Structures are given as C-alpha cells and as structure tokens.
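User: I'd like a close look at one small part of this model, and then a walk through the packing around the rest of it. Keep it casual, please.

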Amino acid sequence: MSAKAISEQTGKEFLYKYICTAAAVQNRFRYANVTTETDWERLTQEHPWLLTEKLVVKPDQLIKRRGKLGLVGINLDLPGVQDWVKSHLMKETMVAKAKGVLKNFLIEPFVEHAQSDEFYVCVYAAREGDYILFHHEGGVEVGDVDAKAERLLVPVDDKLSEEQVTEKLLAHVSEEKKGVLASFIVGLFNLYEDLYFTYLEINPLVVTGDGVYVLDMAAKIDATADYICKAKWGDVEFPPPFGREAYPEEAYIADLDAKSGASLKLTLLNPRGRIWTMVAGGGASVVYSDTICDLGGVDELANYGEYSGAPSEQQTYDYAKTILSLITREKHPQGKVLIIGGSIANFTNVAATFKGIVRAIKDYQGPLKEHEVTIFVRRGGPNYQEGLRVMGEVGKTTGIPIHVFGTETHMTAIVGMAMGHRPIPNQPPTDAHTANFLLNAASNAVTPANTRTASFSEPKSAGEATPPKKPKAGFQAAKATTLFSRHTKSIVWGMQTRAVQGMLDFDYVCSRDEPSVAAMVYPFTGDHKQKFYWGHKEILVPVYKSMDDAMKKHSDVDVLISFASLRSAFDSTMETMQHPQIRTIAIIAEGIPEAQTRKIIKAADQKGVTIIGPATVGGIKPGCFKIGNTGGMLDNILASKLYRPGSVAYVSRSGGMSNELNNIISRTTDGVYEGVAIGGDRYPGSTFMDHVLRYQDTPGVQMIVVLGEIGGTEEYRICQGIGEGRITKPVVCWCIGTCATMFSSEVQFGHAGACANQASETAVAKNQALRDAGAYVPKSFDELGDVIKTVYDGLVANGTIVPAQEVPPPTVPMDYSWARELGLIRKPASFMTSICDERGQELIYAGMPITEVFKEEMGLGGVLGLLWFQRRLPRYACQFIEMCLMVTADHGPAVSGAHNTIVCARAGKDLISCLTSGLLTIGDRFGGALDAAAKQFSKAFDSGMLPMEFVNKMKKDGKLIMGIGHRVKSINNPDMRVQILKDFVKQNFPASQMLDYALNVEKITTSKKPNLILNVDGFIGVAFVDLLRTCGGFTRDEADEFVEIGSLNGIFVLGRSMGFIGHYLDQKRLKQGLYRHPWDDISYVLPEHMSM
C-alpha cells in the first residue's frame, strides 16, 4: 500500500526538522512519549520543561476527535499528568465501532491562547493536484470543514505562493496574522511535497504574537517513497489503526514483504476466529473477505491477507507456516476452516507456490488435525492442475480434510462450502490439463459474427495507425478510442523474455500476420538481438540500449509496455512520452510513489497518451493484442477463448481478477471483446470511465462489465454517464470491498487504492448508487456470473448479438522448459552432482545446510570433508586437514610454481593467469608426490613387504620412492613442518600403521644418505591414508578409491594456491617490472657447425 498513517509525534518531528518558513514555529521538539515502560524520573531528566510548565497530555494512537471524546488532559502540572495517564493507561476504550487499549501518550507544553487564535489547515492529495483547506475558526468545534473551509487546488507540478494563499484562503483572517499564516502554509505545503505526505491536517493551528503553535496533527505519508525519503524519514514506524493490536506475526510478514519482489500481506482481525484465509491476489483477497462477511462470518473471520507477484516456494512456505501457527494456537469448539483461494493467475506458477504451502501443512499436520482444521482450495493459472493434485495428495497422506477445486468451480464457491451453506461435491469436474492446447469442448462454442469480422477479416483501416491530431497550443491532445488492433506494434522496456514469448504465442494463436513486439529496450546491455519463437520457427527481436534508437528504427510502434522497476518507471515513462508516436503506455510496476504517478498522468493528458497502470498486469484485446503476461499462459487463453473477440468488454482494477473475469465471461457469454486492468494504485493512469466511454464508442462492444473497488469515487462518474445518456450499452457492475463497513477498525486491503476515506467511497455506497443509476448490480460477487449471463442472453434474444460458429485456432508448440516443468517429458541430465545444492532456501554441502556448518563451527577442514569426501569428519581429522593446508601454503620464491607465478605477475598478467601459471607446474617432480607416495607406500604395506624389501625393490626397478628426499633438509637438519604434523598424528590418530611403515623406510634411506628423509609431501600422503582408513567414516575400498582418484594432491594444490596468490600480490605491491633472465645465468651450448 502507499498512504500510511503516522503517529502525531512522528509527524511533528518531520515538521519541526524540515519546515522552512519565516513564521516563528514555537515549541519545536518539545514533546515527550509515555508508555507502560516509561521511567518518569528519567523522562524529566531528558525533558526538564515537564517540571516547570503547564502541560497537555493525549493518546497518540491514530484516534480522531480526541477532544470530543474527553481524551485530552489540558493545563495540568506533572503530577496531574501522571494521575491522568494512570487513569487511562491500559484502559479499554470505545472509539466509534473500534474497541482498543490506550497505551501510548504524548505530553506537550500547554499553550495559553484565545479562541480567535485557533485556525484549521489541511493538505491532502487528489488525482488532479493537492488541495489546501483552511478555516479561520479551528479547534474541537470546527464542525464540517469540507462544507465551510476555503479551498485551494495546487495542480500537479505547480508551485504555491504566499500571494495565492493570502488571496484564496485568508479572506477572513485579521491583517496582522495574514503574513505569518501565508508564510507558514507555504512552508507547510513545501514540506508536504518534499517528504511525500499524502495527508497533513493541523487542528488547531494557533497563531499568537509569539509565533505559530502546532497543537494537534494527523498525517499520512506515501510509504512507497521510502527509497527517496529514507535519509529524512529514517526508520518510520507505522502504528496500527486504533482497535487493532500490532502483532509480531504481522511485523514478520511485513518484513518478508519488504525483502521480496512479491507481495505478502497479513492483518489479524480476530485471532480467535474459526475462518482463516490464505488468498493469492490483492483483488481476490478482498472478494473472499466480502463473501465470508456476506454469508454471516464477519465475527469469525480471523485475518485478512494476500500473497501475489510470484513468490518463491520458500516465501510461500514462510507465509503459510505463519498462518498455520496462528490457526493452531487456540481450539474452537466447531473446529476451524482454512480457505486457500485465488483467482486465475496470470504468470505465477501455481504448483511452485503450492509446494511451499504443502511443506507448511506437512510440518503442522499434527496440530492441524488436533485443532480439527478443514482446508478448502480453489486456484487457477499456470500449472494449477499439478498444484491441485499435490494439494489433494497431501490431504490423503496426512489425513487432513483438504477439498481442492480448479477453474471449473466459481472462485468463491468454496466459501459457501467451508461455512456449510452449500454441499461439497464428491467429484468436481476437471478442466483440460495445462498441456492440452486444444479447446475445452465443454465451453460455449459460438462467437458473434460481427465482432469476428471486425477483428479478423476487416483490412487495416487508414485510421487505425494514425495518431490523434496534434492539439493547438494550450489544449490537451485527444486520446484514441481504439488502443489496439491486429496490426499494433509495441516496444517492451525490460528484459522480460517470458512475457514477450507469451505475447508472441498469443499473436500466433490469433493468426496475426506479424509479431506484436517490434523491439525491446534494456539500458543495462549493449544493442543485440534476442531469440524467440514464432510458432514453430525461431525469430530474432532487436534489443536496444537507448529508447531513442528503438523509436527511430521502429516508427510504426505506438505502444510501450514498461517492465521498469518502481525506481526507474517514472523516468523511463517520461522519456517515452517525448516520442509522439507512442499513444499507449502500460506500466506494470507496483509501488511507484503517488506524486510521480500524478506527474505521469498530467504529462499523458497533455500529450494524448493513454496510461494503463501502474500496478497492473495490463490488458488484452482478443484476436489482436495482449500486454505482457495478461491472460496467463496459452491453456487459459484457449480455455477463455481469448484468441478471438466476443461481445463483452470489461475494466477492473485487479490483474488477477481480470483473468477471473475472462473465465466468467467466457463461460456465460460469447467471450471478451477487450479487457483492461487499470491497476490497484489510488491514481491509476486511466480511469474506469475512460475505458467505459471507449467501449461505449466501439461498435463491436455490446455490453460492459466493470469490477470496481472500495476507495475513490470514480464509479460515480459511471452513474453520471448512465444518467445523462452518455452510456447507453448495458453495464454490469460490482464493487468489491463490501466487508470493510463491517469491520470495527480500518483495514488496508491489498491494493494501495483500496481504502475508503469517507462514506461515499465504500463499496456498499457505490454499489447502491450504480443500482439506482440503472446499472446491473448483483447482490454479491457470487452472483456476478449469473447477472452477466442474464444480460447477455437478453441481448442474444433481441438480436443485438448474433452468435457465430467457432473456428479453432492454430496449435502452438509448447516450450521445452515448460513441458519439463509440467512433467510431460524427461531427458538425461547433462551433469550429476552429489556434493552441493544451491536451489533451496539455503546452500547445502553434502546434505548439510550452510547455517549448520557455521553453527557447528566445522571450519575449513570440515567443509573440505563435506565437499571432497561427503563425510562429516571427526574434529581431529578436520584439524589435520587445516594443518596440512597451512604447512603447504608456501615454500619460498625459488620453487618452480612460485617462480612461474612471479614471472607471470611481472609480465603484467592478472591474478587468475598468474595462479594458473604456478599451478601448471605441479606434478610428480613438484608438489604432486602426495598421491604417488600414498599409492607406493600403501601398495608395499598391503602386500606385506618389509621396509627393506620395499627399498630394494624400488632400487632394482630403477624407480624413485615418492615422498622421500629433500634438497635442503636432512636427518641432521629436520623439516619442522614434518615434525609438527608427526606430533599431531601420534597424539590424535587412533592408529598410524602407514606412517610407522614410512618412518621405518626413512631409517633405511637416511642410513645411505642423510637427505633422503620423509618429506612433507610423503608425510601428508601416508598420514592421509591412515586418516581415511582409521577415522571410521570410510570402508577400505572407499579409502583406497579416494587415494586412487587423486584427492590427496588436492591438499597441496589448495594449500599452495594461498602462497602463489601471496607472491602475486607481493610482486604487484612491490611494483616489480617485466622479468628477463640474465645472460650470465644461461649456458649457451650450440652445435659446433652452427657456431662456425
């Protein structure tokens, strides 16, 4: 959501910090907060003025009209304040319908003043700009300010001057106070804009000879502007509405939501309730709550919430387990029900999100059965059949009653089943599988001839591609009635390959002549081409770094589909509107600050551009064009007959509900002519009325469906249009959110705009007004399909709609990746791995989560054991591995590997090249003796050879004993590395037979020559054989296999890499130049005949 209420203390803090005005603002930062945990002695130390001044105390919990409710203590000393707080703290209080506990109070200095010093000022946002309300009489008895206050509109992007304020607002203010008030109001308005307030009310604002006093304040800020205002806002806490407690589970889900690109919302209404919901989609979540309340379940409804925007399996699991933990805390005598519902998803993989829910159900299966929880599931969308199958299976395996339904069942039918108002069918009918790309034979098989002709057969008219005429100076450009045709070309902003492929598949199944996507714009790469499918063949779509280049090279494009992020959507949209060829822009991003959206709307109105969105999935015109992921995948396109036009046009706010309308309309009429989801924000780029009027003026549209919503007053324009005769076609309309009037406290629904700020904005009021105006309004969403069918049948009966014979569309091949996702095909994997898995919630090493690796303090040796040997090795083994890495890390610059690394570094090569140069020298002669020593000594020991026999045999065969001998060290000058390792092995290994054997061999070899010692390579080789054979983690065959496949040389490679990198960094740090070997260190030996 966007507009969120903040506490009075937070609002005043912002004002005192950042207001810029010539007026003297008094009592800056003079406020103190009191809660149950307040230490009064410490409070008076922090705020000494509490001891010397008269005070005011009041609750700071988003309570309106506190003065009239007797919730303000005035003109008190500190003991009086303490008594007042004591009498109110933690006391249950009724405010309107809300019952809550008072627990947060604000203390401020009492301001002595006359009634004539009080004023009222309020700034609030509207689509066209920001309104300033001012009344010369403020205070508790201000009354109906909407009716009596002076009002000044500051249009979007305009500046406010003191002259305007004085002229328009201060007519009834005394002359001596006009200057102060004008300066303060301009400063207040600038603060309001700079800090992205959406509502800011001060009542009373007191003006005396000393200056300006802000006594009471109420404010809301646009929470989506956090990324812009973070430096000034800091960490803002948004208190819950009075009457609703702030639960830790809500904060947990809010934190998940903030860290996710998906949308996750949770509001607890009645934690003891028996009806719980887990609904996918902002619009669908409201519809389910409406239906529960309509059927009498308002007192038992436990929560409101939604998950949408393709959350991952882990995110869905976290969300679901939170809900299930709440359900299973307290038993209900009638048991409980969980409604896992949703509309038909556009792009969310239903099976993938259901995996998270299934995991949570399995984790909570015991408590769920103990609390007698019955689960009802209804969902549609990509791969929903697999999701429903898995959900049904978990019900059978756990014994939890789970009833699953798909798109064949009306969206909210499961509510009636869950509440006992309708029977649960034993074997619900099932639709075709996602893989079945043929038409569903059970559906209506006729389509109107006139619209089919208009969409399919009619050649492209000259007017279709012609943009509206340029307006004269000072006039707004006219917007097009027809947004999309069979010849519409678009540019997609963003690397959204899946959405583009979906558009091309839709084009192909609609028998378009050419793809609807002409190009893509992606500023983060250079110009290139991206491969897509057009039916069976592959095509290339150009991708441009620059919007200007794309527009110049594709002058026939008139639609832009923007998948830009919420941070870049504003700039990219404003840039797009600099190109007059663009007539329609769809903005998909959710969470664009309202102030930016309003600037987009103003620019679009001036240029005659139609904006769809923000926060939308887009729209669709069957047989012609679809925006991005609208309509879902091809199975839904075909099932809902979206490949050819029908007679019904619709407009909704919700993207998910627009797909549900596709389903409802296809089952009850001849199908959709065009559908648009205008988006869930408070200020959508285009309105319901904009599209209703387009449909009214479009010959192929015979009836109109509007799915309205709580919040805003746009639906009243439809009432007005019907009443004035501007709208003559039948309009079926339903506004969702009727449950809001039944809740005791305010609930912000999933969409930012779904919140009523006054009675006329409630869904109940709007539904009644539409009914009175002559629109067809059902009694509930449950009956929407029936009303649509009744109106449609009437139009068929009177000849307005003439159904035509269905023509099947061409089949489109299924993508390999999606076919594999559905389990329709299989192929051998190109790779197999058994050591690591990065696909889940966290990285897993050989079956051990990375969090456990750190929790158990396994260290580098333990990690190496997991990844190399797939074992959790004993602590001493891990220590030994780490010791081996330390002693092999480096042996000076003279050895071949270090020498190569240094020469390479001095040649100016990069780190990887230098490291590789050093590593390539490792072999039998340098560093590679670990494996060879282990093999030779193991073979001799296992065959029963005595050490002397082994030495003699190697001499007879003319072979060196690997791991024996050192150029510098000897029996008289031992290698301390070997000594350190030997002491550790003797103290910690259970047995060391192989090492003992090697040491006996060393006695023989050193008796012949003192430098033929067991060197560090040989020691590590034989000691590792002892470790593998005696640690208890390996069979003899497994231990021998690890030696055979060369794992021990890996110890040297890993350890010595540290030294090589050290030499590289050392040479760079010393800034050593190119190395050239000196002549006097080279013996030039040439053949005699060449030297003569």
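Which residue in β36 is the bridge partner of D837?

Analyst: Keep in mind that this is a predicted model. The bridge partner of D837 is I844, which sits in β36. That pair belongs to the link between β35 and β36 (residues 844-845), where two bridges hold the strands together and the run is antiparallel. Zoom out a little and you get an open sheet of three strands, ordered β35-β36-β37, with antiparallel pairing. β35 (836-837) and β37 (848-849) are its edge strands, each pairing on one side only.

Further along the chain numbering there's a helix pair to look at. Helix α28 (residues 859-869) meets helix α29 (residues 875-887), with axes that come within 7 Å and cross at roughly 105°. At that angle, which falls in the 65 to 115 degree range, the two helices are therefore roughly perpendicular to each other. On the α28 side the contact uses G859, L860, G861, G862 and L864, and these meet C878, I881, E882 and L885 of α29. Sorted by class, that contact of α28 with α29 has five nonpolar residues, three polar ones and one charged.

Now compare that with another helix pair. Helix α35 (residues 993-1008) packs against helix α36 (residues 1016-1030) at an angle of about 155°, and their axes are 7 Å apart. Since angles over 145 degrees count as roughly antiparallel, that is how α35 stands to α36. From α35, the residues in the contact are Q993, M994, L995 and A998, while α36 brings F1019, V1022, V1025, D1026 and R1029. The class split for α35 with α36 is six nonpolar, one polar and two charged.

Back to sheets: there's also an open one of six strands, in the order β29-β28-β31-β30-β32-β33, and its pairing is mixed. The edges are β29 (625-626) and β33 (731-736); each has a single partner strand, so one side of each has no neighbour in the sheet. Inside it, β30 (residues 648-652) and β31 (residues 672-677) run parallel and are joined by five bridges. V648 is placed opposite V672 of β31. Helix α24 (residues 763-773) packs on this sheet too, touching β32 (703-709) and β33, and its direction makes about 165° with that of β33. Helix α25 (residues 784-797) lies across β32 and β33 as well, running at about 160° to β32.

Conventions
Residues are numbered from 1 along each chain as its sequence is written. This is a predicted model: local features need pLDDT of at least 70, side-chain atom pairs count only at pLDDT 80 or more; totals for chains, interfaces and linings use all residues. Side-chain values use heavy atoms; hydrogens and water are left out. Two strands pair if DSSP finds at least two bridges between them. Helices (H or I, at least four residues) and strands (E, at least two) are DSSP runs, numbered from the N terminus. Axes are lines fitted to C-alpha atoms, for helices over the stretch in contact, and angles run from 0 to 180 degrees between N-to-C directions. Angles under 35 degrees count as roughly parallel, over 145 as roughly antiparallel, 65 to 115 as roughly perpendicular and the rest as oblique. Contact means heavy atoms within 4.5 Å. Ala, Val, Leu, Ile, Met, Phe, Trp, Tyr, Cys and Pro count as nonpolar, Asp, Glu, Lys and Arg as charged, and the others, Gly among them, as polar.
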